[in-house]
2 protein chains.
Amino acid sequence: MERHMDAVDEIIDGWQRVMPSEDVEPMGVFSRIGRLAQRFDALRRNALAAHGLQLGDFDVLSAIRRCPDGAMTAGQLAKENLVTSGTMTNRIDRLVARGLVGRSADVADARIVRVQLHPEGQRIVDAAFVELLRIEHELLGCIRDADRQPLVDRLRELLARIEA
Amino acid sequence: MERHMDAVDEIIDGWQRVMPSEDVEPMGVFSRIGRLAQRFDALRRNALAAHGLQLGDFDVLSAIRRCPDGAMTAGQLAKENLVTSGTMTNRIDRLVARGLVGRSADVADARIVRVQLHPEGQRIVDAAFVELLRIEHELLGCIRDADRQPLVDRLRELLARIEA
DNA sequence: TCCCAATATCTTGATGTCAAGATACCGTGG
DNA sequence: CCACGGTATCTTGACATCAAGATATTGGGA
């Protein structure tokens, strides 16, 4: 039985009609991934706003939170979040102004800035994380249990390929 | 046999260690989708730059290109691209300035602005599309043929859920 | 006919991000 | 001990986007 067409199927059909000689199969994967990420980001943005955070803020707090040392350098944060150093400076400024993190100089290398989580920052990021996880559980409910691991495996393969 | 851990597995492990009571399984799906989209967008941005386009430009041209009428209203474009009307005004301004599209008033309703593709715009968007498709084929090569349809099916399920 | 809510687009002001350059610092080799 | 390439962060200027409001138009109901 055919599931009804979604927005991506419409897009694929449109291109297939205009360029009949091309094999547009890959769009079924990549367009859906792009669209999923876009919609999911909107959900996350909305959920985080209730905690007074924006997406970038959460990513920074989250990276520090799950780091064993309890602190990371600005450069590590920028690399892990896939943003430029200038963007990271801005984000840290914002979080410092709210008292959620602190900057401190490295003892051995004065070029390095360590960023550590303050108690209030940890409280907020933990609460936000739990809520985001709740949303993800809710969304993932539409995938049958047995289908989940294969899905994760395919995504892992794609990610390995694209990050190589 | 265990595949080696990727960046998302590290993130998941980090959170699992900090919050042992939570079931973080869904992150394996959603964090990978987000990261994939981010990396893939960077690839697309790079490929499109060679054609003198940015992501938003391509999305606009692409939407008009695959529309049977050969023209769309500003509002339709904004809705289909998931951006605000202000953003769409900017994008159309940019494309009109380069002569890739044209604005014209609707005959029946003076509020409506129709945007149609000019020949040069069609040439550029077609060339860009073929190149993007080539990149997608290349990336999708890492997924075995038999695994592709199940992957598409799961993504379609997720998308249907998240857009509902 | 006239009014008014709904519709479609554009304008304005603020913001987050990036690219490129500036600044400060480290460590090695002469 | 000094110079210099490499490293880490911050600053600057430009830009795409958004939210909210302004403008203009339509279609119906009093």
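These are questions and answers on a predicted model of two protein chains with DNA.

Reader: What makes chains A and B related as by a two-fold rotation axis?
Author: A turn of 180° lays chain B on chain A, with an RMSD of 0.0 Å and a shift of 0.0 Å along the axis. The two copies are thus related as by a two-fold rotation axis.

Reader: How do you know that the same surface serves both copies?
Author: Of the contact residues of chain B, 98% recur in chain A.

Reader: Why is the contact between A:Ser85 and DNA strand D called polar?
Author: A polar contact needs N or O atoms within 3.5 Å. A polar side-chain atom of A:Ser85 lies 2.7 Å from a base nitrogen of the strand, so the pair qualifies.

Reader: Which backbone atoms pair with phosphate oxygens of DNA strand D?
Author: A polar backbone atom of A:Ala74 is 3.1 Å from one phosphate oxygen. For B:Thr84, the backbone distance to a phosphate oxygen is 3.3 Å. Helix 4 (74–80) and helix 5 (85–97) of chain A, with helix 5 (85–97) of chain B, each give two or more residues to the surface near this strand. Helix 5 of chain B has the largest share, four residues.

Reader: Which part of DNA strand D do the atoms within 4 Å of the protein belong to?
Author: Sugar or phosphate accounts for 73% of them, and bases for the rest.

Reader: How do you know that the span of helix 6 of chain B is close to the expected one?
Author: Its 22 residues, 119–140, reach 32 Å from first C-alpha to last. At 1.5 Å a residue, 32 Å is expected. Its buried residues include B:Phe129, B:Asp126 and B:Glu136.

How values were computed. Residues are numbered from 1 along each chain as its sequence is written. Chains are lettered from A and ligands numbered from 1 in the order in which they are written. This is a predicted model: local features need pLDDT of at least 70, side-chain atom pairs count only at pLDDT 80 or more; totals for chains, interfaces and linings use all residues. Side-chain values use heavy atoms; hydrogens and water are left out. Copies are superposed by least squares on the C-alpha atoms of residues with pLDDT of at least 70 in both. Contact means heavy atoms within 4.5 Å. The expected span of a helix is 1.5 Å times one less than its number of residues. Buried means under 20% relative accessible area, exposed over 50%, partly exposed in between (1.4 Å probe, protein chains only). A residue is near a molecule or strand if one of its heavy atoms lies within 4 Å of it. A polar contact is a pair of N or O atoms within 3.5 Å; within protein, one must be able to donate a hydrogen and the other to accept it, and residues adjacent in sequence count only if both atoms are side-chain atoms.
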